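Biologist: I'd like to learn how to read strand pairing and helix packing. Can we go through an example together?

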Amino acid sequence: MRAQSEACGTEIISQTVAKVDLKSKPFKYWLHPMGDDEEIEEEEHTADSIIIATGAKARRLDLPGETKYWGNGVSACAVCDGSLPIFRDQPLVVIGGGDSAVEEALYLTKKAKKVTVLVRRDKLRAGRTNARRLTTHPKIEIKYNTSPVEIKGDEGKTGLMTELVIKNTVTKEEQTIEAKGLFYAVGHDPATGLFKDQLDMDEDGYLITTPGEGKTSIEGVFAAGDVQDKRYRQAITSAGKYTFRDPSSSKRSPTLHILTSCTGSGCVAALEAEKWLAEQDDSVDNELETENQAEKSQVNGVVPEYRSNPLL
């Protein structure tokens, strides 16, 4: 994917964006030095348009053993990790009571021996249809009013999770259950801190965009992926800076900067950003008009140049 992007002229910068200024055009942003998220480089970078695709981070519960067994049995993405050999035909646990938790649990039933869903309240938050699918599945057990307490497993650097201590929040009774995997489905936090007080967000911090267009509250700034989408996730990760026009041109080329990950909505945002950049630059030919002129030339007996291409 990286090679394909670079072959299309993308410049990939593997550094973290430290701050942005969207108050005036061109937009400005600054980077952290490589490997240092405290300092900020003095160099100022500019962009004519920006696509924000910084994603959303899965919430953790900070349980004892969580850090030790993260990646060795503990995960926040069943779709990403559920097919790993360590989970195959094993007892697994999902924490959460919403639609995401239901989807994670149902997906895991294809791989697991059994899936236990821990719901910290006395009922599911999931929709009626999803709740029915969960409660009627033969490989799923639901434990209501139950919270995780501690993650246990093999000792050593590469030790795997083997057990989970759980607690009934009503009776206060604790028990240890066999669990070779634990999947969190307790929500996400969008990575939008950089844009606070600059772009419109909802009550949860997700960027507000125009449906189907990816446009934010500032003209020329677009958003894609989890950062503006609470429902559909699992982005294809990419990053870079895209030069919209031929860099060999003597005229300053508008640039489109993409701040980390994109999904299918990334394609929408990219197309909208490209269209917006074209509208800002009068020297960019209108493709539709060019195509119409080609059709007129063909009618008049003049064959467009591309028609003579032996590959077509």
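Biologist: Which residue of strand 12 does Lys167 stand opposite?

Modeller: Keep in mind that this is a predicted model. To read a pairing, go along one strand and look for the residue facing you on its neighbour. Here Lys167 has Glu174 of strand 12 across from it.

Biologist: How many bridges join strand 11 to strand 12, and what lies between the two strands?

Modeller: Five bridges join them, and the strands run antiparallel. They form a hairpin with five residues between them. In that turn, Lys172 has a positive phi of about 70 degrees.

Biologist: And what is on the other side of strand 11?

Modeller: Strand 10, again antiparallel, is joined to strand 11 (residues 161-168) by seven bridges. One pair to look at is Glu150 with its bridge partner Val165 in strand 11. Put together, you get an open sheet of three strands in the order 10-11-12. Strand 10 (146-153) and strand 12 (174-178) are the edges, each pairing on one side only. On average, neighbouring strands are turned by 30 degrees against each other, ignoring direction.

Biologist: Now the helices: at what angle do the axes of helix 4 and helix 5 cross?

Modeller: For a helix pair, check distance, angle and handedness, then the residues. The axes of helix 4 (residues 99-108) and helix 5 (residues 128-135) come within 10 Å and cross at roughly 35 degrees. The crossing is left-handed. Helix 4 contributes Asp99, Val102, Glu103, Ala105 and Leu106 to the contact, while helix 5 brings Asn130, Arg133 and Leu134.

Biologist: What kinds of residues are those?

Modeller: The contact has four nonpolar, one polar and three charged residues.

Conventions:
Residues numbered from 1 in each chain as written. Predicted model: local features only at pLDDT ≥ 70, side-chain atom pairs only at ≥ 80, totals over all residues. Heavy atoms only, no water. Axes fitted to C-alpha atoms, helices over the stretch in contact; angles between N-to-C directions. Helix = DSSP H or I, 4+ residues; strand = E, 2+ residues; numbered from the N terminus. Left-handed = near helix turned anticlockwise from the far one by under 90°. Contact = heavy atoms within 4.5 Å. Nonpolar A, V, L, I, M, F, W, Y, C, P; charged D, E, K, R; others polar. Pairing = 2+ DSSP bridges.
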